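The exercises below concern pairs of charged side chains, and each task is followed by a solution that goes step by step. Please look at the sequence and the structure before reading the solutions.

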Amino acid sequence: MPKVYGRLAKADGVAAKAARFTILTAVRAGETTGATWPAIDRKAGIWSISASRMKMDRDHPVPLSREALAILSELYETRTDDRVFPGQRAGRPLSLRGISKAEGRGGREGHHARLPVDLQGLVGRAHQLPA
């Protein structure tokens, strides 16, 4: 994970920023690509994902680190609509495949969903807990 994140930090595109944001917030990539500006309180440092977008059907407040907020600040300056991570086509969100490609996994289906699982394993090893 540290190598992937280091490579992403050197990249400048929206997909790389979305992949970094996904790692920093430990959410699913689909939640990242669906993020909207009205759901983010940059001052309080909280992203509120509505229950309708969550797998568990509950509202989910996500605390935002300084680094996640820095990514958001960069994107806020160039926003064109309510989408935090816009896709290449106007009015469309960034695709999950875009995040996969940014991660360097070649866009293989399903691999973008492993980021939170990879992160859980990394945290478990750091604390010597089972993943």
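**Exercise 1.** In this predicted model, decide whether Asp81 is buried, partly exposed or exposed, and then find the residue with which Asp81 forms a salt bridge.

*Solution.* Asp81 has a relative accessible area of 24%, and since buried means under 20% and exposed means over 50%, Asp81 is partly exposed. The partner of Asp81 is Arg83, and the closest N and O atoms of this salt bridge are 3.3 Å apart. Arg83 is likewise assigned to the partly exposed class, because its relative accessible area is 28%.

**Exercise 2.** Determine which parts of the chain are tied together by the salt bridge between Glu74 and Lys17, and classify both residues by their accessibility.

*Solution.* The closest N and O atoms of Glu74 and Lys17 are 3.0 Å apart. Glu74 belongs to helix 4 (residues 66-77) and Lys17 to helix 2 (residues 14-25), so the salt bridge ties together parts that are 57 residues apart in sequence. Glu74, at 40% relative accessibility, counts as partly exposed, whereas Lys17, at 10%, counts as buried. Both residues also take part in a network of salt bridges, in which they are linked with Asp12.

**Exercise 3.** Find the salt-bridge partner of Arg20, and state whether Arg20 is buried or exposed.

*Solution.* Arg20 pairs with Glu67, with the closest N and O atoms 3.7 Å apart. This pair links distant parts of the chain, given that Arg20 lies in helix 2 and Glu67 in helix 4, 47 residues apart. With a relative accessible area of 9%, Arg20 is buried, while Glu67, at 34%, is partly exposed.

Key
Residues are numbered from 1 along each chain as its sequence is written. This is a predicted model: local features need pLDDT of at least 70, side-chain atom pairs count only at pLDDT 80 or more; totals for chains, interfaces and linings use all residues. Side-chain values use heavy atoms; hydrogens and water are left out. A salt bridge is a side-chain nitrogen of Lys or Arg within 4 Å of a carboxyl oxygen of Asp or Glu. Helices (H or I, at least four residues) and strands (E, at least two) are DSSP runs, numbered from the N terminus. Buried means under 20% relative accessible area, exposed over 50%, partly exposed in between (1.4 Å probe, protein chains only).
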